[in-house]
Structures are given as C-alpha cells and as structure tokens.
Amino acid sequence: MTGTAPVPFTADDYKARMDRAARQAADAGLAGLLVAPGPDLVWLTGYAPPAVTERLTLLVLAAGREPVLVVPTLEAPDAEKATGAPALALRDWTDGKDPYALAAALLDDRGRFGVSDNAWALHLLGLQQALPDTSYVSLTEALPMLRAVKDAAELERLAAAGAAADAAFEEIRNVRFSGRRESEVAADLAALLRRFGHSQVDFTIVASGPNGADPHHEAGDRRIERGDMVVLDFGGLRDGYGSDTSRTVHVGEPTEEERRVHDLVREAQEAGFRAVRPGAACQDVDRAARAVIADAGYGDHFIHRTGHGIGVTTHEPPYMIEGEERPLVPGMCFSVEPGVYLPGRFGVRIEDIVTVTEEGGRRLNDTERGMVMVD
C-alpha cells in the first residue's frame with residue numbers, strides 16, 4: 001500500500017508561507033529572515049538544491065519586500081523550476097564573484113536577522129564581514145512556532161505518513177525476532193517503510209532486552225532472544241512529511257513485572273493524550289504522562305521529554321516538556337511518547353503522533369498499544 005498522491009502545494013501556498021514568515025519576523029523585532037538550504041527552505045519555497053555545497057544559496061525575507069532567493073548561476077535553472085519560484089525574485093551569482101556583497105545589498109546594514117539553524121558558519125561569517133553592524137539569532141530561537149501549526153494539506157500528509165508507519169508495524173510484528181540480530185529486524189523495518197511510501201527513513205531503533213533501557217539505542221549485532229522485551233521506534237518522511245511511532249513487543253510470554261511496566265507506560269501515554277486540548281500548555285502533556293509513571297514509583301526511569309513536534313522534519317518545535325508554557329493550538333502535531341527504562345534489564349516506550357483539534361486531540365497512529373507478543 002502506497003496510497004494516493006497528495007494534492008500538490010501551489011505557488012500561492014508558498015507565497016502565503018513566505019508572507020507569514022516575514023510578518024512573524026517583523027512582529028519579533030527582526031529586520032528579516034535568512035534561510036539556507038534545508039527543511040525551512042523547502043517548506044517556504046518548495047526548493048531543495050541538487051546538492052548542498054560551499055556555494056551560497058540564501059532566501060531573504062523581509063516584511064513589505066519581495067522575497068529574494070540568492071543562488072549560484074549554475075543552479076539557477078533548478079531554482080526556477082521550484083513550485084514557489086513565481087512568488088519570489090531570483091538573484092544569481094557566478095563563481096569568482098562575491099556572493100556576500102550580492103546578499104548584503106538586500107539587507108538592512110544594521111539589522112538583526114533570524115537565520116535558519118542549519119546555515120553554514122562559513123556563510124554567516126561572510127555576511128558578518130560584509131555587514132559588521134548586523135546581528136543574528138537562530139530561527140528556532142526567534143520563531144520556534146513558524147512551522148508548528150499545520151494546514152489541512154499538511155495534516156493530510158502527516159496522517160498518510162502515520163498510516164504508512166502503522167502498516168509497517170502490522171507487518172513487522174509477524175516476522176521472526178528470536179535468533180535474529182537487531183540490525184536485521186531494523187533493515188526489515190526500513191524496507192517496510194519504503195514499501196509503504198516513505199522516500200526517506202530517518203531511524204529504525206530495535207532495542208532488545210537490556211538495550212531497551214537506552215532510548216536512542218542503535219540497532220546492533222545483539223541476537224534477540226526469547227524472553228526479550230524489544231522497543232521498536234521508527235520513522236522517516238513520506239511525501240515530505242514525517243512519521244514517528246514506537247511500540248514495545250515481547251518475544252514469547254512476558255513476566256508479570258514486564259506486563260506491569262508495559263501497562264503503566266500505556267496508561268501514561270493515554271494520560272498524555274487526554275491532556276491534549278487547545279489552550280493547554282505543552283508542559284501539561286508532559287506533566288500528565290509523567291505523573292502516572294512517578295506515582296507508580298518509576299519516575300527516575302522516565303528520562304526524556306514526553307514529546308516533540310513533527311512536520312517536514314521528524315523532530316521540531318513544539319516540545320512537550322516541563323517549563324514549556326506555550327499553549328497548544330489546533331493544527332499542532334507532536335509525539336506523545338512516555339517510557340520507562342530499567343538499566344541492564346529492559347525498557348518500554350509507546351508513541352503516537354497526535355494533532356490538536358478544536359475539541360482535543362486526534363491520534364495519527366492507531367496500532368495496538370497493549371502488549372504484543374512476537375516469535
């Protein structure tokens with residue numbers, strides 16, 4: 001199952017995003033935004049350079065001004081084909097010329113600018129040298145919610161990515177685990193994600209037995225044994241939008257303690273989901289899930305935040321963590337993924353992607369959250 005192709009984004013969609021970004025920058029007291037190749041550039045323009053090189057590519061956004069994309073001349077034909085290209089002006093530069101002088105002419109020479117997080121230091125230093133009175137702040141710090149609220153078309157893509165990840169889980173639970181290496185099961189998961197429409201696989205965590213106590217364990221050569229709890233955490237991009245889900249399975253019959261911990265994490269995950277509603281603070285989701293685990297005496301073994309945003313990347317703002325008082329807004333999408341990790345023994349994590357609705361929350365993953373036994 002690969003599903004039907006999503007409705008394509010249009011030049012008007014990208015224009016609206018660029019206009020919104022420029023307005024938000026002005027509201028934040030910034031002279032504009034400087035966006036290098038990466039997820040922000042794709043989200044704003046639909047353009048992904050054929051290769052990220054040392055040559056400067058930079059989108060310049062400022063309220064009341066036409067967006068400008070500075071590109072190397074040899075890549076200008078590709079940039080002109082981007083869906084969002086009709087909504088911006090292209091300025092190209094040839095090898096041997098100074099691209100920073102070209103970019104500097106577009107900027108307020110004493111302005112403070114938001115810069116996409118993955119901009120190269122090489123380019124930022126080049127701009128600083130050309131405009132020594134400018135200053136810069138990371139885009140995540142300046143406008144953390146820029147991509148956080150998804151529109152209907154984005155939600156459709158996220159839902160399709162979630163359904164594809166669910167389909168991969170339904171298949172993987174039927175393969176043999178015992179006697180196989182973690183890396184072999186991880187390869188199966190990656191192949192399933194691609195079969196169900198993912199163009200990019202970002203991670204396939206297969207953490208068996210004591211390895212399950214490491215939340216970011218890299219699947220390795222350990223052979224999975226009967227009696228192991230196995231944490232599966234996997235995701236990537238489908239049609240440009242992310243999936244990320246976790247389920248914890250058991251090879252053969254679990255012990256009473258393993259069932260109890262699994263049930264506890266499932267209860268905590270449900271509590272976190274039930275806390276999702278417009279106007280609630282991000283930290284409320286973390287508090288709801290964490291309280292269940294702490295009340296059962298396992299609080300010291302829940303060692304990460306309850307969730308992270310997802311969109312054109314698999315991890316992005318907002319974050320469900322104590323101290324994040326930002327209110328939830330319909331259209332936000334994020335994970336709810338509490339876990340318990342017992343060093344040297346086993347771990348359990350259960351994760352769904354959730355979107356905020358007008359009434360509460362909607363899960364974008366819906367596979368079995370109870371104990372699943374595998375062979």
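A cavity is a set of grid points where a 1.4 Å probe fits but cannot get out, and its lining residues have an atom within 4 Å of a point. The exercises below apply this to a predicted model.

**Exercise 1. Which residues line the second largest cavity, and how do they divide by class?**

Step 1. The second largest cavity has a volume of about 30 Å³, and the count of cavities of 30 Å³ or more comes to two.

Step 2. Its lining is formed by Ala31, Gly32, Val60, Leu61, Ala62, Arg65, Leu106, Leu107, Asp108 and Phe113.

Step 3. Because Asp and Arg count as charged and Gly as polar, Arg65 and Asp108 belong to the charged class and Gly32 to the polar one; the division is therefore seven nonpolar, one polar and two charged.

**Exercise 2. Describe the largest cavity by its volume, its lining and the helix that gives the most to that lining.**

Step 1. The volume of the largest cavity is about 40 Å³.

Step 2. Lining this cavity are Leu56, Leu58, Val115, Ala119, His123, Leu124 and Leu127, and helix H5, which spans residues 121-130, gives the most, with three residues.

Step 3. By class the lining holds six nonpolar residues, one polar residue and no charged residues.

**Exercise 3. For each of the two largest pockets, find which strand gives the most to the lining and how the lining residues divide by class.**

Step 1. In the largest pocket, with about 350 Å³ of space, 20 residues form the lining, and those closest to the centre are Ile205, Pro215, His216, Asp233 and His315.

Step 2. Strand S7 (200-208) and strand S11 (307-309) each supply at least two lining residues there; S7 gives the most, with four, and the whole lining divides into four nonpolar, eight polar and eight charged residues.

Step 3. The second largest pocket holds about 250 Å³ and is lined by 17 residues, with Asp40, Asp117, Thr140, Arg147 and Pro317 nearest its centre.

Step 4. Helix H2 (39-45), helix H6 (139-142) and strand S12 (316-320) give two or more residues each to this second lining; S12 gives the most, with three, and the classes are nine nonpolar, four polar and four charged.

**Exercise 4. Is Arg290 buried, partly exposed or exposed, and which residues does it touch?**

Step 1. Arg290 lies in helix H10, residues 282-295.

Step 2. Because its relative accessibility is 22%, Arg290 counts as partly exposed.

Step 3. Leaving aside residues up to four places away in sequence, Arg290 touches Phe302, His304, Arg305, Thr306 and Ile321, and its side chain reaches the backbone oxygen of His304 at 2.8 Å.

Key: Residues are numbered from 1 along each chain as its sequence is written. This is a predicted model: local features need pLDDT of at least 70, side-chain atom pairs count only at pLDDT 80 or more; totals for chains, interfaces and linings use all residues. Side-chain values use heavy atoms; hydrogens and water are left out. Buried means under 20% relative accessible area, exposed over 50%, partly exposed in between (1.4 Å probe, protein chains only). Contact means heavy atoms within 4.5 Å. A polar contact is a pair of N or O atoms within 3.5 Å; within protein, one must be able to donate a hydrogen and the other to accept it, and residues adjacent in sequence count only if both atoms are side-chain atoms. On a 1 Å grid over the protein atoms alone, a cavity is a set of points where a 1.4 Å probe fits but cannot get out, and a pocket is an open set with protein on both sides within 12 Å along at least five of seven lines; lining residues have an atom within 4 Å of a point. Grid points are joined across faces, edges and corners, and a volume is the space filled by probe spheres set on the points.
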